[in-house]
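Student: Could we go through this structure together, one question at a time? I would like to see the reasoning behind each answer.

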Amino acid sequence: MTIYNVGYLVGSISSTSINRRLARALEKLAPQADLNLSDIAISDLPFYTVDHDGAIPAEAAAFKDKIEASDAIIVVTPEYNRSVPGVLKNALDTASRPWGDNSFAGKPSAVIGTSSGAIGTAVAQQHLRSILSFLASPEMAQPEAYVQMREGLITEDGEVTDESTAEFLVSWLKAVHTHIAKSLSPVS
Ligand SMILES: Cc1cc2nc3c(=O)[nH]c(=O)nc-3n(C[C@H](O)[C@H](O)[C@H](O)COP(=O)(O)O)c2cc1C
């Protein structure tokens with residue numbers, strides 16, 4: 001089976017982020033789905049402005065290079081006020097420009113997120129799908145993944161303590177693998 005290199009963005013820069021925990025868990029489980037996950041940091045990106053289009057800041061250029069070098073992108077995001085956090089939107093805007101140099105174009109993607117609430121980031125993910133779709137990124141429609149976090153479910157270093165949750169995450173990662181393979185295969 002082809003092993004794909006997948007970059008992931010965490011839509012939270014909180015030092016105690018539960019989405020960062022989820023991302024670490026996915027990184028650990030990924031080899032079971034023939035995926036190699038690596039973090040693409042968004043915390044050091046400057047706020048995007050069209051002023052950058054003529055002279056892209058070094059951090060933004062490095063960020064765009066990492067997205068373009070990845071076979072696919074996973075976005076692990078919290079929900080802020082029923083949408084995506086501003087830091088994540090800034091990263092997506094940065095990747096999308098300058099006009100004609102959209103790093104997400106044709107890049108397969110998948111979204112997942114966790115919250116302590118029962119609705120578990122569903123609305124943020126819907127907004128995110130809309131953005132990725134506009135960016136011409138083939139995003140995985142199914143299976144959806146809304147992880148309700150509870151105390152101790154995932155440890156600080158990304159160990160999943162509940163077997164059924166770990167099984168679900170591996171099955172989701174396997175679906176991501178299938179989605180990447182389909183998206184990258186040449187049209188006959
Ligand atoms: C500004 C703000 C807005 C929030 N809005 C939502 C929301 O709309 N839906 C939700 O499920 N949780 C919401 N939360 C709670 C987050 O799910 C919770 O803070 C979570 O821990 C954030 O993820 P993180 O720990 O990865 O940063 C909000 C939290 C903050 C700080």
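Tutor: Happily; what follows is a set of questions and answers on helices, a strand and the empty spaces of this predicted model.

Student: How far does α4 reach from its first C-alpha to its last?

Tutor: Helix α4 covers residues 122–134, which is 13 residues. At 1.5 Å a residue, 18 Å is expected. The reach in the model is close to that, at 19 Å.

Student: Which elements cover the buried residues of α4?

Tutor: Let's start with the residues themselves: A122, A124, Q125, L128, R129, I131 and L132 are the buried ones. An α-helix has 3.6 residues a turn, so residues three or four places apart point the same way. The cover over the buried residues of α4 includes β3, α3, β4 and β5.

Student: Which residue with a positive phi follows α4?

Tutor: Good one to check on the backbone. The phi to look for is near 65°, and the residue that has it, just after α4, is A136.

Student: Why is β1 described as largely enclosed by the rest of the structure?

Tutor: Strand β1 runs over residues 4–10. The description holds because the buried residues of this strand number six of the seven.

Student: Which residue of β2 stands opposite Y8?

Tutor: β1 and β2 (residues 35–39) pair in the parallel sense, over five bridges. Across that pairing, the β2 residue opposite Y8 is D39.

Student: What span should α5 have, at 1.5 Å a residue?

Tutor: Helix α5 takes in residues 163–184, so there are 22 residues to count. The end C-alpha atoms are 32 Å apart, and this agrees with the expected span of 32 Å.

Student: Which elements do the buried residues of α5 pack against?

Tutor: Buried residues of α5 include L169, V170, W172, L173 and V176, and also H177 and H179. Their partners come from both helix and strand: the buried residues of α5 pack against α1, β1, β2, β3, β4 and β5.

Student: Which helix supplies the largest share of the lining of the largest pocket?

Tutor: This pocket has a volume of about 190 Å³, and L92, D93, S96, I131 and F134 are among its lining residues. Both α3 and α4 supply at least two residues of the lining. The largest share, three residues, comes from α3.

Student: How many residues lining the largest cavity are nonpolar?

Tutor: The whole structure holds one cavity of 30 Å³ or more, and the largest cavity has a volume of about 70 Å³. Its lining includes P46, F47, H52, D53 and K64. Two of the lining residues are polar and three charged, while the nonpolar ones number seven.

Conventions: Residues are numbered from 1 along each chain as its sequence is written. This is a predicted model: local features need pLDDT of at least 70, side-chain atom pairs count only at pLDDT 80 or more; totals for chains, interfaces and linings use all residues. Side-chain values use heavy atoms; hydrogens and water are left out. Helices (H or I, at least four residues) and strands (E, at least two) are DSSP runs, numbered from the N terminus. The expected span of a helix is 1.5 Å times one less than its number of residues. Buried means under 20% relative accessible area, exposed over 50%, partly exposed in between (1.4 Å probe, protein chains only). Contact means heavy atoms within 4.5 Å. On a 1 Å grid over the protein atoms alone, a cavity is a set of points where a 1.4 Å probe fits but cannot get out, and a pocket is an open set with protein on both sides within 12 Å along at least five of seven lines; lining residues have an atom within 4 Å of a point. Grid points are joined across faces, edges and corners, and a volume is the space filled by probe spheres set on the points. Two strands pair if DSSP finds at least two bridges between them. Ala, Val, Leu, Ile, Met, Phe, Trp, Tyr, Cys and Pro count as nonpolar, Asp, Glu, Lys and Arg as charged, and the others, Gly among them, as polar.
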